[in-house]
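Me: Please take a close look at one part of this model, its salt bridges. I would then like a connected account that places them beside the other features you consider relevant.

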Amino acid sequence: MTTPAIAIRNLTKVFPIPFKRERLVAVRDLSLEVAPGQVYGLLGPNGSGKSTTMKIVLGLVPPTAGSTEIFGRDSQEVDSHEEVGFLPENPYFYKYLTGAETLRFYGKLCGLSGSTLRDKTDELLKLVGLEHARDRRLGGYSKGMLQRIGLAQALVQEPRLLVLDEPTAGVDPQGSAEIRDLIVSFKERGMTVLLCSHLLGQVQEICDRIGILAHGVLVREGRLEDLISIEDQTEIIFRDASPELLAEIQALVARSYPKTSLVETRKPRTTLERYFLDVTSGSASRD
Amino acid sequence: MPAAVESPSATPLARKVKHRFFSPARVWALATNTLTELVRLKVFYFLLIFALLQIGSSLLFVRFTFQGQFQMLKDTSLGAMSIFTSMLAILATANLLPKDVEDRTLYTILAKPVPRFEYLTGKLLGVFLLLLISILVMGAMFAVVLWWRVHVVAGEILSGGEPPDAVNQNLSELYASAYDPALWAGGLIIYTKAALLASLTLFVSTFATSSIFTISVSVAGVFIGQLLGTARDYWQTTGTLAPNSLLDVAFFKPVVLIFPDLQAFNLVEEIIAGAHVAPWLVAKTIGLGVTYVLVYLFAGYFMFAKREI
Ligand SMILES: Nc1ncnc2c1ncn2[C@@H]1O[C@H](COP(=O)(O)OP(=O)(O)O)[C@@H](O)[C@H]1O
Ligand SMILES: [Mg+2]
């Protein structure tokens, strides 16, 4: 059996509420595993404990009970951070640093130096499409650019695991699609990704597995396909089918009634996202 | 051009770079980053005020005898240096930690293999670098003004038309009153005091809930640290407070332990006044400062390690 990239066991986190005797249970008895190479989507409404779970996985916040591991090492050990890159929710980096300086800073924290660091910085700026802004201070970056530099920062030591807390929040559709494509490319390279997002369309496109949290409790968990496919229905899509052919097919189906029934006939639609991207892609002068 | 060949199964960087329990390179990266932050926040503008003060005071004191003139110049310059570095130490440090917490930058740093102790040490070292640059620049300005005044006064002596013996006598008196090597020790003590205040402020900011609170407590620390030692000495010499009495042990000693005993650093004033100060006293004062710095750093680490960020 391979070591899971993330193992969360019976995790509970309780925050005391100042000046009150009540306590707030942010995460309650949560257990889940993320296998290496998977893209795992953690979903749930605001305040359901997604960010808290991520921070505990990264060892930034201690758990009240239970434990979390990254590739078999306890999150509380600083060493376990070598394997993981993190992009927090709505991050602000040092706004007086340029894009290149920011990546150099995080690279140095991971022990990189010299030409390795220089090459890595160039490579990442290119990867996230910020070469043109490398010498501009982050104070002047747009939200989408900040998220991309945040992603680059998370990748600087080539970790095997990425933890992304709402990587596309507040980013326009183009930026958001670019970030999605980057995540897909990480997945192709065999990286493990744990992400949470409210853009369910994107989650559906990129995640292998999802878990749904509500009030700190994991209410559903499993392979995305298993969770959302409608088992007793089948979809067939034709191109250029004549009305006569369609009528024939419908007649065919009607013959095997009541065993089989036709639920719906419709024209498939492109998604609004794709339509929007097609329409606006000509005027690519953002940033 | 041939396509670049991907090296098969290149070891990821993370496994090539070995993590160490304490890495001077990481601390240095944090320190220089802190320094860059502060410099780009334009904190060095206060040096302009210092320069104006220098020039203004040196012009103001022209009408005194040169001994009086140089004494006044040393008083104002080193006095201003002391106040400016102390203020800079408190103001520059107070917001470092709260800002990183608020912007969630701290998450991105601590999510890397960076122990919290290194983070705090790096921040403090960054402020130390800032203070070092500030005091060196102020010292250089002071040296330039001093040299300029000596130059002017020497010119007056040489063209005064007195007999050569008297001229030589006057010149050597001039140099003696202007250049005092003990001023180096004064600068060192001023720096140590500022470093102490920076680490006190960083310690307070590890548990404070706002920067206003941090600044208030640190400034209060300066006054209490200054007054308390004096008060304790006074009451002890007048016999109101018996050494090791209950009041002394239960109140004064703990308070002096929490708030730094800044009275020792008044040694600077004696140095400025030209009194002979034994080197061991200077060393002892600096040793005291270094001890406080380490105590506050470890206390700060203790608070920060437990803190939920
Ligand atoms: N440091 C904290 N102190 C007190 N309560 C907190 C803290 N962090 C999060 N919480 C609470 O825990 C719950 C879960 O928060 P969070 O994990 O941020 O949710 P999500 O990311 O799913 O929106 C919320 O009710 C939030 O108010
Ligand atoms: Mg959240």
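Reply:
**Salt bridges and their surroundings**

A:Arg134 counts as partly exposed because its relative accessibility is 28%, a value between the 20% limit for buried residues and the 50% limit for exposed ones. The model is a predicted one. The partner of A:Arg134 is A:Asp135, and the closest N and O atoms of this salt bridge are 4.0 Å apart. That distance stands at the cut-off, since a salt bridge requires the nitrogen to lie within 4 Å of the carboxyl oxygen. A:Asp135 itself counts as exposed because its relative accessibility is 62%. This pair thus sets a partly exposed arginine, A:Arg134, beside an exposed aspartate, A:Asp135.

A second pair within chain A is formed by the side chains of A:Glu205 and A:Arg180, with an N to O distance of 3.1 Å. A:Glu205 belongs to helix H6 (residues 200-206) of chain A and A:Arg180 to helix H5 (residues 173-188) of chain A, so this salt bridge ties together parts that are 25 residues apart in sequence. The two ends differ in their surroundings: A:Glu205 is partly exposed, its relative accessible area being 41%, whereas A:Arg180, at 14%, is buried. In chain B, salt bridges that share partners link B:Glu37, B:Lys99, B:Asp100 and B:Lys123 into one network.

Over all chains, the count of salt bridges is 20. One of them is the pair of B:Arg40 and A:Glu101, whose closest N and O atoms are 3.0 Å apart. Because B:Arg40 is part of helix H2 (residues 24-40) of chain B while A:Glu101 is part of helix H2 (residues 99-109) of chain A, the pair joins two chains. At this contact B:Arg40 counts as partly exposed, with 26% relative accessibility. A:Glu101 is likewise classed as partly exposed, at 28%.

To place these pairs within chain A, some overall values are useful. Chain A contains nine helices and ten strands. Its C-alpha trace spans about 70 × 50 × 45 Å along the principal axes, and 44% of its 287 residues count as buried. A:Gln204 offers a further link in this chain: its C-alpha atom lies 9.5 Å from that of A:Ile228, although the two residues are 24 apart in sequence. A:Ile228 is located in helix H7 (residues 224-228) of chain A and, at 47% relative accessibility, counts as partly exposed.

Chain A also provides the surroundings of ligand 1. Among the residues around this ligand are A:Phe15, A:Leu24, A:Ala26 and A:Pro45, together with A:Asn46, A:Gly47, A:Ser48 and A:Gly49. By class, the shell has four nonpolar, six polar and one charged residues. Several polar contacts involve oxygen atoms of the ligand. A backbone N or O atom of A:Gly47 is 2.7 Å from such an oxygen, and a polar backbone atom of A:Lys50 is 2.9 Å from one. In the case of A:Ser51, an N or O atom of the side chain is placed 2.7 Å from a ligand oxygen. Ligand 1 alone would expose 560 Å², of which the protein buries 65%. Two elements of chain A, strand S2 (23-34) and helix H1 (50-57), give two or more residues each to the shell. H1(A) contributes its largest share, three residues.

Chain B carries a nonpolar patch on its surface. The patch consists of B:Ile55, B:Leu59, B:Val62, B:Trp147, B:Trp148, B:Tyr175 and B:Tyr179, with a combined accessible area of about 690 Å². Helix H3 (46-60) and helix H7 (116-158) of chain B each supply at least two of its residues. B:Val62 sits in the loop between H3 and helix H4 (66-94) of chain B, and it counts as partly exposed because its relative accessibility is 36%. That value meets the patch rule, which asks for over 30% relative accessible area.

Helix H4 of chain B also holds B:Ser86. Unlike the partly exposed B:Val62, B:Ser86 is buried, with a relative accessible area of 10%. The side chain of B:Ser86 reaches the backbone oxygen of B:Ser82 at 2.9 Å.

How values were computed. Residues numbered from 1 in each chain as written. Chains lettered and ligands numbered in written order. Predicted model: local features only at pLDDT ≥ 70, side-chain atom pairs only at ≥ 80, totals over all residues. Heavy atoms only, no water. Near = heavy atom within 4 Å. Polar contact = N/O pair within 3.5 Å; in protein donor to acceptor, adjacent residues only side chain to side chain. Areas by Shrake-Rupley, 256 points an atom, 1.4 Å probe, with all protein chains shown as cover. Helix = DSSP H or I, 4+ residues; strand = E, 2+ residues; numbered from the N terminus. Nonpolar A, V, L, I, M, F, W, Y, C, P; charged D, E, K, R; others polar. Patch = residues over 30% accessible without salt bridge, like charges linked within 9 Å, V, L, I, M, F, W, Y side chains within 5 Å. Buried < 20%, exposed > 50% of the residue type's maximum accessible area, 1.4 Å probe, protein only.
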